[in-house]
Protein chains: 2
Amino acid sequence: MRILLTNDDGIFARGIYALYQAFKDDYEVHVVAPESEQSAVGHAISLSCPLRVKEVYRNGTFYGYAVSGTPADSVKIAVNELLKSSPDMVISGINLGPNVGINVLYSGTVSAATEASILGIPALAVSLDSYEKPDFTPAATFAKKLVKKIMKTKLPAGVCLNVNVPALPLHEIKGVALTRQATVPLRDRFEKRVDPRMHVYYWEAGDGFLYPPDPDTDIYALSQGMISITPIHHDLTHYAALEEFKKMPSIYLPE
Amino acid sequence: MRILLTNDDGIFARGIYALYQAFKDDYEVHVVAPESEQSAVGHAISLSCPLRVKEVYRNGTFYGYAVSGTPADSVKIAVNELLKSSPDMVISGINLGPNVGINVLYSGTVSAATEASILGIPALAVSLDSYEKPDFTPAATFAKKLVKKIMKTKLPAGVCLNVNVPALPLHEIKGVALTRQATVPLRDRFEKRVDPRMHVYYWEAGDGFLYPPDPDTDIYALSQGMISITPIHHDLTHYAALEEFKKMPSIYLPE
């Protein structure tokens, strides 16, 4: 069993190291991750600039490859160039901070898992619901249990799992919920500031969501102290709308 | 009718100017777009760095705001900060090059339209199937006709349109197809090169798709000289998998 670990907080982040520690004894673990933090890069890839790859040692032991690009770049180059053979699973994380609701679209952590499932590799993204200095061990332990289950049962083709874990000891976690991604908008707000040379700049200072999420969503489950698992995919088609449009083509199709 | 134009090729690109010319006489048109090219940035937003905004004049006429960020940043800051009131529609493009299949996930052009629909604003992304020096006028003319139709009939909430136009004169275009996003993987390939200081670097050199797309997809329609319209949304949940998982929770839920 060959596992590829990646993330968007960078190869030196604590979350990916917690995964490495949890998996290294039972699996063949490879680490290919961005050399620096890549948060909120969404599903970006590098086309107009080259990628550099550095071997990274940690505690004197070979640890992984640092890539001068995005999480999606890291998965692509790991699978196509750096690993001798394709991994059996890709795990992205553990992200410092949750990736739920609309934020899933901005998440480099999630896009790495999505990129893996585009390439036909089962994948999960794991995020921890804390921006402080959390203990990553419970989330890593849960990830390992989940991976064992997935290995046995397989994921449907093209589907990866977006997993969000409360920042609590395992015994305080209220359970596991299978959820949908909430679509409630973020509360956007830009702070207008003036720099030392008296020029205006803006800084995204939005926080939280515009209204409470539905109970069957990832945001809600996490707010209740539950682990949220959302099956996601990379087909953005809105099929219900497509069927509606096809019933009245003249409305949507200019002559 | 207030229209916001944006793109990922940058505010000085030809495609957005073609849209401006097509819409400016009949609509109140605002332009807020990245100051530089932002291709393949996906749905990135800027959180860790501030945004600068510059007024841009073109041909002596006020033309728009250039934002030091991504397409999604541009839409967010336009709606929340720069425009006096929310636009009735957001049009992103006209992109130099198609945005079909898996590439939709990497597309800054599409993510700007998606960001608008997250904010509750009807939106379309328009891309032209050419990387050469195409004539943007047919695509701009089509976009204008399509916008007139959408104004009358409305789009379903949370749905935006991903429109791809062949680089042909309007009378040579074979028709308009309502399509789904193809999910066929790209043919990835990294070129390994050596720089003048003898260090290795890699460059994504992939081209094309791994196998032929299905006939009901965006890629196929475009390859047949048709305009492709795909309704897309920002909910990544795979509902069929979610229902399956809920039937056998013990399989996916570690104890």
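The following questions and answers walk through a predicted model of two chains, A and B.

In this predicted model, local features need pLDDT of at least 70 and side-chain atom pairs count only at pLDDT 80 or more, while totals for chains, interfaces and linings use all residues. Residues are numbered from 1 along each chain as its sequence is written, and chains are lettered from A, with ligands numbered from 1, in the order in which they are written.

Visitor: How many helices and strands are there in chain A?
Guide: Helices (H or I, at least four residues) and strands (E, at least two) are DSSP runs, numbered from the N terminus. Counted in that way, chain A has eight helices and eleven strands.

Visitor: What radius of gyration does chain A have?
Guide: The radius is taken over C-alpha atoms, and the globule rule is 2.2 Å times the number of residues to the power 0.38. For 255 residues that rule gives 18 Å, and the value for chain A is close to this, so the chain is as compact as a globular protein of that length. The radius of gyration of chain A is 20 Å.

Visitor: What share of the residues of chain A count as buried?
Guide: A residue is buried if 20 or more other C-beta atoms lie within 10 Å of its own, exposed if 12 or fewer, and partly exposed in between, with C-beta atoms placed from the backbone. Of the 255 residues of chain A, the buried share is 54%.

Visitor: What span does helix H5 of chain A reach from its first C-alpha to its last?
Guide: The helix covers residues 137-153, which is 17 residues. The expected span is 1.5 Å times one less than the number of residues, and for H5 of chain A this comes to 24 Å, close to the span in the model. From first C-alpha to last, H5 of chain A reaches 25 Å.

Visitor: Which elements are included in what covers the buried residues of H5(A)?
Guide: The buried residues of this helix are Pro138(A), Ala139(A), Ala140(A), Phe142(A), Ala143(A), Leu146(A) and Val147(A). Their cover, judged by contact (C-beta atoms, placed from the backbone, within 7 Å), includes elements of chain A, namely helix H1 and strands E5, E6, E7 and E11.

Visitor: Is Lys154(A), just after H5(A), buried or exposed?
Guide: Lys154(A) is in the loop between H5 and E7 of chain A, and its phi is near 65 degrees, a positive value in a residue other than glycine. Most residues other than glycine have a negative phi, and most peptide bonds are trans. With 10 other C-beta atoms within 10 Å, Lys154(A) is exposed.

Visitor: Which residue does a cis peptide bond join to Gly93(A)?
Guide: The bond has an omega of about -10 degrees, and the residue in question is found in strand E5 of chain A. The partner of Gly93(A) is Ile94(A).

Visitor: What relation does the rotation that superposes chain A on chain B have?
Guide: Copies are superposed by least squares on the C-alpha atoms of residues with pLDDT of at least 70 in both. The rotation is 180 degrees, with 0.0 Å of shift along its axis and an RMSD of 0.0 Å. That is the relation of a two-fold axis.

Visitor: Which element gives the largest share of the side of chain A that touches chain B?
Guide: The contact takes 65 residues from chain A and 65 residues from chain B. The largest share of the chain A side, five residues, comes from H5(A).

Notes. Two residues are in contact if their C-beta atoms, placed from the backbone, lie within 7 Å.
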